[in-house]
Amino acid sequence: MRNTKKLLKNLDWTFVALTLLILAYNIIILSSASSNVLSSDPNFYVRRQLMWIGAGLFAGIVIACFDYRRFRKFSWIIYALANLLLVAVLFSPEKKGAHRWFDLKFMDFQPSELAKLVIIIAFACFLYQRRDKLGRFYNWLFALAYVGLPALLILREPDLGTALVFIVLFLVMCWIGGMPGRFVLTLLLLLCLGIALLFGALYVSTDGYQHLPEESPAFLPLEIYQVTRLVIFINPYMDPLGAGYNMIQSEVAIGSGGLWGQGYGQGSQVQGYFLPEHHTDFIFSVVGEEFGFAGAIALIILYLLLLLRAIYIAITAKDQLGSTMVAGVAAMLAFQIFTNAGMTIGIMPITGIPLPLLSYGGSGMLVNLICLGLVVNVSMRRGKDHFFIEE
């Protein structure tokens, strides 16, 4: 009982309150964004989302009660299982041109979402167990292979957006986990060089982004539609009714919202169904159109406060293992928020990355809330305690 009181005393209630506020924002926005998706049942997606929020909060509470330091005992097991699921999904029926989902009848389960949670936990344990040997080059290569394997499997689905999340997780967690800065900086410079060479090659192959590519360059492990998205990011008006349509309509929706928005349920682009996927990938456009610049900024501030609180928890964590786990969660959320919001206003390519805690989706909502439960887990175990024996 005394231990329970101490855990609750350490619980970061501000972090919990911010999470609940964003979830409330989710239901308000989704009830408008999804009302015209299924005309026979306007509230279908809201009810489903509430179900996943409930399941996610329960799972988050469960993981918060399990001391995160015990994950070290079976981190390799969950890592192996996650990779087996990523291999298995490659043989699943194709849906929307990809092999990303298992049809469980009551939901489409996406193993790549679960893999993000597993990598945050398992890779943090990997780094912690080698914390005194991370300066050795072979451990750096081992770490790269450890995260690279699931990233390559996800890229094979294909799912470029989630694979990019793994790159961000690797860089941030290596830095926080004690990897020498020269290794992290080297990989970051190589990544920047690769991006520059990629867009340079696309510039040449499309005559200065004047037409769409006819095929994917041989040196890229990407499908043609993924390469097209990168080109369209530079100039969406080269194909305004095709590949560039989503980005253009999203910018129109956000621009039409002005300062205060067109009003709840009154967005012309959303309610007129000019903007596709407005309850999933482009839900931030709904915020901008119906609640305007003020509503969008309010949401971003909530996200920013949540991330800052996570950073505070990482800084005050009991050990480097907890710091690395929380840093991984914060990095994942920050990258997805920036990428999703950025693509809706045209400053990032369309990658299919959903907006955390806001886009409709069972696997994503469940995993994100479990990740936040992991942050709560670390926050509850700050400070000196006597009820866990270090191995």
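**Exercise 1: Disulfides**

Work out how many disulfides this predicted model holds, and explain why Cys-125 takes part in none.

*Solution.* Start with the count: the structure holds zero disulfides. Next, look at Cys-125. Its closest cysteine sulfur sits in Cys-371, 14 Å away, which is too far for a bond. A disulfide would need the two sulfur atoms within 2.5 Å. Now turn the view around and start from Cys-371: the closest cysteine sulfur is that of Cys-125, again 14 Å off and too far for a bond. Finally, check the surroundings. Cys-125 has 0% relative accessibility and counts as buried, and Cys-371 is buried with a relative accessible area of 0%.

**Exercise 2: The nonpolar core**

Find which residues touch the most other members of the largest nonpolar core, and list what Met-325 touches beyond its sequence neighbors.

*Solution.* Begin with the core itself, which has 122 residues. Within this core, Phe-123, Met-179 and Met-325 touch the most other members. Then zoom in on Met-325, setting aside residues up to four places away in sequence. What remains is Tyr-68, Phe-71, Ile-120, Ile-121, Ala-124, Cys-125 and Leu-374. You have met one of these already: Cys-125, the buried cysteine of the first exercise.

**Exercise 3: A nonpolar patch on the surface**

Locate the nonpolar surface patch that includes Leu-305, and decide whether Leu-305 is buried, partly exposed or exposed.

*Solution.* First, gather the members: Leu-259, Trp-260, Phe-293, Ile-297, Ile-300, Ile-301, Leu-304, Leu-305, Leu-308, Ile-311 and Ile-315. Together they have about 1100 Å² of accessible area. Second, place Leu-305 in the fold: it belongs to helix α12, which covers residues 283-315. Third, read its accessibility. The relative accessible area of Leu-305 is 40%, so this residue is partly exposed.

**Exercise 4: A link across the sequence**

Explain why the salt bridge between Arg-309 and Asp-12 ties together parts that are far along the chain from each other.

*Solution.* Here is the idea behind the pairing: side chains of opposite charge can pair when their charged atoms come close. The structure holds five salt bridges. One of them joins the side chains of Arg-309 and Asp-12, with N and O at 2.8 Å. Arg-309 lies in helix α12, while Asp-12 is in the loop between α1 (2-10) and α2 (13-33), so the bridge ties together parts 297 residues apart in sequence. As a last step, compare the two ends: Arg-309 is partly exposed at 28% relative accessibility, whereas Asp-12 is buried at 3%.

**Exercise 5: Buried salt bridges**

Describe the salt bridge of Glu-113 with Lys-116 and that of Arg-69 with Asp-67, then find which residues form a salt-bridge network.

*Solution.* Take Arg-69 and Asp-67 to begin with: their closest N and O atoms are 2.8 Å apart, and both residues are buried. Move on to Glu-113 and Lys-116, where the closest N and O atoms are 3.0 Å apart. These two are three residues apart in helix α5 (residues 111-129), which means that about one helical turn separates them. Both Glu-113 and Lys-116 are buried. To finish, follow the shared partners: salt bridges join Asp-67, Arg-69 and Arg-381 into one network.

Technical notes
Residues are numbered from 1 along each chain as its sequence is written. This is a predicted model: local features need pLDDT of at least 70, side-chain atom pairs count only at pLDDT 80 or more; totals for chains, interfaces and linings use all residues. Side-chain values use heavy atoms; hydrogens and water are left out. A nonpolar core is a set of buried Ala, Val, Leu, Ile, Met, Phe, Trp, Tyr and Cys residues joined through side-chain atoms within 4.5 Å. Buried means under 20% relative accessible area, exposed over 50%, partly exposed in between (1.4 Å probe, protein chains only). Contact means heavy atoms within 4.5 Å. Patches are made of residues with over 30% relative accessible area and no salt bridge: like charges are joined within 9 Å, nonpolar side chains (Val, Leu, Ile, Met, Phe, Trp, Tyr) within 5 Å. Accessible areas come from the Shrake-Rupley method with a 1.4 Å probe; for residues, only the protein chains shown count as cover. A salt bridge is a side-chain nitrogen of Lys or Arg within 4 Å of a carboxyl oxygen of Asp or Glu. Helices (H or I, at least four residues) and strands (E, at least two) are DSSP runs, numbered from the N terminus.
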